Amino acid sequence: MGDRVATEKAKLTRWRVATDRTRQVVCLGDSITDDGAMVRAGIRRNWVDQVAEAFDLTIGPRRGGGFRGLWRAEWRLRGAWTETMPSDAFDVTPFRQGFYSSGETNDVAAWTKPRALAVEAFDLYWFHCPGMGQWQYRVDEGPWRSVDMPATVADNRLHRLPVSQRVRGRVEVRGFDGRQPCVASIGGISTCTPRSAAPGGTVVHNLGHKHQLLAVLCRPSAGDPLAILDDIRPDLVTVLFSNDVILKDPERFGDNLDELLRRVSPYADVLVIAPFEQRPRSATATAHDTVVTQVQTTAGSPILKVSEILFVESDIGAPLAGTNIPEGATIASLESARQATMTVAAIGSDPNGSLVVGRGRDAAVQAEYRSITKRVAEAKSCAFVDLYQEWADDYGAGWDAAHAAGRMQDVLHPSQQGHDDIATRVKAVLI
């Protein structure tokens, strides 16, 4: 392991150079990276949290909680908010999690501060969209403050509103200008320590979003889906995606990964992580192993509509995963061969999402994705950690061996021991 770690460390020259400024770290991924998802699954400290704590000890204390997207449970939307679409020039938020208000009612977006997070200042992220007015925000129960909108044409950029005010409980944004409703937009919040603090330490931006795909992060769009990266300009980016295997298109995954690495190459070093094996499908495949594409979901509705394949009676009770599908969802009933009802409502809207019915993920397809990941990382001279190979070397190959070693919590996700293991291997390369 020593020679391999030394080789990968050598590829992180910019990250490892001592600096007198605050270093920015962005961690991109799905539920394996999403700290909120792992807390709800019983994980006390996910691998990103453990790496951030190691930075505190070696580089200096954290300078804030970083970007917090609207997919986090910290956010609540009240009123009529519309999710951006890829056809919108203002589709500029990570994983398309940006919303704009109706302009007809006093719609409110509220962010509640996690108890353990200290917030001395913050940035509100917003984007231009038609009909925007002088929307308002407030901190805790303080006065509503209007935002002076710049007289500029619509663009495909993220904008930040810096606010140097301590947050005890929450921040709210509303589509109201003090006299009447107006259109407001919200793309997230980024929290920090006092802006006057001496430089140093790190800010770790956890951009893990459960159930999501690299294909959604790097989606075709009239806007700029990767705008957040140019805004943060991280010194280091980690990339760990496992869900794209449901699309069975490794070459597309490779193209998206290559696009992402090219985008951040002017300012960031990158650590690419190939995932461990998730439980492969059984030898006797059933309808529960079918990959369904072009699935329509609507926020707040349990209805799934498909156009490419047909649901069958044996799908009732099958577990589900995919775009906007909550953890633990299963098929409750079938209304037709093209429409099914889930046991829970979708957490977002998408006319063309991705869905897996059942738990199996083909082992050969997973291997091909790992091979593509390694090929692209090497071509871009990125640091690379292959969790599958390292776990195979230490515990035996495949999901069965990893599960027997206590590294897997279920068919898709690592246990606490698994997160501890991942953190140890990542820290060995970064620190």
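A nonpolar core here is a set of buried Ala, Val, Leu, Ile, Met, Phe, Trp, Tyr and Cys residues joined through side-chain atoms within 4.5 Å, and buried means under 20% relative accessible area, with exposed over 50% and partly exposed in between (1.4 Å probe, protein chains only). On those terms, the largest nonpolar core of this predicted model has 73 residues. Leu28, Phe122, Leu124, Trp135, Tyr137 and Ile186 have the most contacts inside it. Another core lies apart from that one and has 30 residues, including Ile32, Met408, Leu412 and Ala423.

A quick word on the ground rules. This being a predicted model, local features need pLDDT of at least 70 and side-chain atom pairs count only at pLDDT 80 or more, while totals for chains, interfaces and linings use all residues. Residues are numbered from 1 along each chain as its sequence is written, and side-chain values use heavy atoms, with hydrogens and water left out.

**The whole protein**

You're looking at 11 helices and 23 strands; these are DSSP runs (helices H or I, at least four residues; strands E, at least two), numbered from the N terminus. The radius of gyration is 22 Å, which agrees with the value near 22 Å for a compact globule of 431 residues. That radius is taken over C-alpha atoms, and the globule rule is 2.2 Å times the number of residues to the power 0.38. Along the principal axes, the C-alpha atoms fill a box of roughly 65 × 60 × 35 Å.

Of the 431 residues, 56% count as buried. Contacts (heavy atoms within 4.5 Å) reach far along the chain: among those between residues at least 6 apart in sequence, 79% join residues at least 24 apart. As for the surface, the protein exposes about 17500 Å², with carbon and sulfur atoms supplying 50% of it; the areas come from the Shrake-Rupley method with a 1.4 Å probe.

**A few residues to click on**

Here are some of them with their places and accessibilities.

| Residue | Place | Relative accessibility |
|---|---|---|
| Asn256 | helix α7 (residues 250-264) | 9%, buried |
| Trp399 | helix α10 (residues 398-404) | 10%, buried |
| His211 | loop between β14 (202-208) and α5 (214-217) | 11%, buried |
| Lys248 | loop between β15 (236-240) and α7 | 46%, partly exposed |
| Arg361 | loop between β22 (350-357) and α8 (363-379) | 6%, buried |

Start with Asn256. Leaving out residues up to four places away in sequence, Asn256 touches Leu214, Ala215 and Cys218.

Trp399, counted the same way, touches Glu277, Gln278, Arg279, Pro280, Met408, Asp410 and Val411. One of these partners, Met408, is also among the residues of the 30-residue core. The C-alpha atoms of Trp399 and Ala377 are separated by 24 Å, with their positions 22 residues apart along the chain.

Now for some backbone angles. Most residues other than glycine have a negative phi. His211 has a positive phi of about 70° although it is not a glycine, and Lys248 has a positive phi of about 50°, again without being a glycine.

Last comes Arg361, which is buried, with a relative accessible area of 6%. Arg361 and Leu124 are 237 residues apart in sequence, and their C-alpha atoms are 39 Å apart in space. Leu124, remember, is one of the residues with the most contacts inside the largest nonpolar core.
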